[in-house]
Amino acid sequence: MEQHIVIYFQSSSNAAQACAAQIFHARTGGLLHRLGTPAQSSDQDCDAEQHAGFPLDEMYCEMMTSRRGGIFDVPHEHCAAITTFIRSRIGVLKELKAAIVCVSADTDSQTQARSAIETLLSAGLAAKQLHLMFTAPADDQAFEEAYAAILQFADQAQIVVPRNAVLPAPAVFEKAHQLQLPIAAVLNGARDFDAELVAGRFNDAPKTALLALAHRAIAQRELLSLGEALERVGAALALTRITAEEWKAENPALGSRKRMRQVAH
């Protein structure tokens, strides 16, 4: 089984960008490592090798032990950490297949995305290894207009831009992010909050627990309604696809039965 390690860069802190790595993980399986925590500050990024919070050698080697590889989820404030790692080891990272940079329509995000791409190219990644994806622009903005600056830069850098790689309905991701919905598990049917709500009602779970499940059930339905659009994004980025059954078999701890038993008690 071929190893695929993908690095995903956020250029903004919005919810859609924050959720994207979990969408990729739902499709590809493998491991998912997110760099940093909200408590960590960006001034800790200057030396990724020495920062105890970023054991990138260990993370990469752990992905090498996985049957499928994995995904690094990199918030924009930690871009320097992993690009330092790539630059120092570019010749031996044979499993590193692609870097995906997510862009939103605002100027700051497009500027951050351009900076990330330039840094990745200077670190040794080839243009063909770089992929752009986008969050849906405001309803009154055409795609080409909203993303004119980054599209022009990508053309100059000879980076192919898949026009189908657009995450729709940002409000859905805002809700999912707010509720900390386990997106990959939901998309693969490993968690089913509708079923958990039914089980909770049947077992007379506390009202607060039922209300929390109801909110998550609504968020789950909204997320699942985007299934075809999310499939197009994954295909446009040429991400490998495993079946839901394979994903659930490889992530048994995220199954819904255990969760339902916890709610029942």
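Strand β5 is where I shall begin: 6 of its 6 residues are buried, so the strand is mostly covered. I should say at once that the model before you is predicted. On one side of β5 point L130, L132 and F134, and on the other point H131, M133 and T135; all of these residues are buried.

Let me take one residue from that strand. L132 belongs to β5, and because its relative accessibility is 0%, L132 counts as buried. Which residues does L132 touch, setting aside those up to four places away in sequence? They are V101, V103, I117, I150, A154, V161, P162, A165 and L237. One of these, V101, has L132 as its bridge partner in β5. Another residue, A236, lies 104 residues from L132 along the chain, and the two C-alpha atoms are separated by 10.0 Å.

I now turn to the sheet to which β5 belongs. It is an open sheet of 6 strands in the order β2-β3-β1-β4-β5-β6, and the pairing is parallel. At the edges stand β2, residues 31-34, and β6, residues 166-167; each has a single partner strand, so one side of each is left without a neighbour in the sheet. Within the sheet, β4, residues 96-103, pairs with β5, residues 130-135, in the parallel sense over 5 bridges.

For the chain as a whole, a few totals may be useful. The chain holds 13 helices and 6 strands. It has 265 residues, of which 48% count as buried. Of the contacts with a separation of 6 or more, 80% are between residues 24 or more positions apart. The exposed area of the chain is about 13,000 Å², and carbon and sulfur atoms supply 52% of it.

Next, helix α4. This helix runs over residues 107-123, and its 17 residues should span 24 Å at 1.5 Å a residue; the end C-alpha atoms are 24 Å apart, which agrees. Which residues of α4 are buried? They are S109, Q110, A113, A116, I117, L120 and A123. These buried residues cover an arc of only 150° around the axis, which puts them on the same side of α4. I117 in this group is also among the residues that L132 touches. The exposed residues T107, D108, T111 and S122 are carried on the face of α4 turned away from its buried side. Just after the helix, G124 takes a positive phi of about 120°.

Helix α2, residues 56-65, can be described in a similar manner. Its buried residues are L56, M59, Y60 and M63. Seen down the axis of α2, these fall within an arc of 95°, so they line one face of the helix. What covers them includes β1 (4-10), β2, β3 (69-74), α3 (79-89) and β4. On the face of α2 turned away from the buried side are the exposed residues E58 and T65.

A glycine in a later helix also deserves a word. G234 is found in helix α11, residues 227-236. Is G234 buried or exposed? Its relative accessibility is 3%, and because the limit for a buried residue is 20%, G234 counts as buried. Leaving aside neighbours within four places in sequence, G234 is in contact with R27 and L239. N164 is 70 residues from G234 in sequence, and the C-alpha atoms of the two are 9.1 Å apart in space.

I close with the cysteines. A disulfide is a covalent bond between the sulfur atoms of two cysteines. How many disulfides does the count give? With a cut-off of 2.5 Å between cysteine sulfur atoms, the count comes to 0 disulfides. As for the setting of two cysteines, C61 has a relative accessible area of 42% and is partly exposed, whereas C79, at 13% relative accessibility, counts as buried. C61 falls within the range of α2, residues 56-65, and C79 within that of α3, residues 79-89.

Conventions:
Residues are numbered from 1 along each chain as its sequence is written. This is a predicted model: local features need pLDDT of at least 70, side-chain atom pairs count only at pLDDT 80 or more; totals for chains, interfaces and linings use all residues. Side-chain values use heavy atoms; hydrogens and water are left out. Buried means under 20% relative accessible area, exposed over 50%, partly exposed in between (1.4 Å probe, protein chains only). Helices (H or I, at least four residues) and strands (E, at least two) are DSSP runs, numbered from the N terminus. The expected span of a helix is 1.5 Å times one less than its number of residues. The arc is that of the directions from the helix axis to the C-beta atoms. Contact means heavy atoms within 4.5 Å. Accessible areas come from the Shrake-Rupley method with a 1.4 Å probe; for residues, only the protein chains shown count as cover. Two strands pair if DSSP finds at least two bridges between them.
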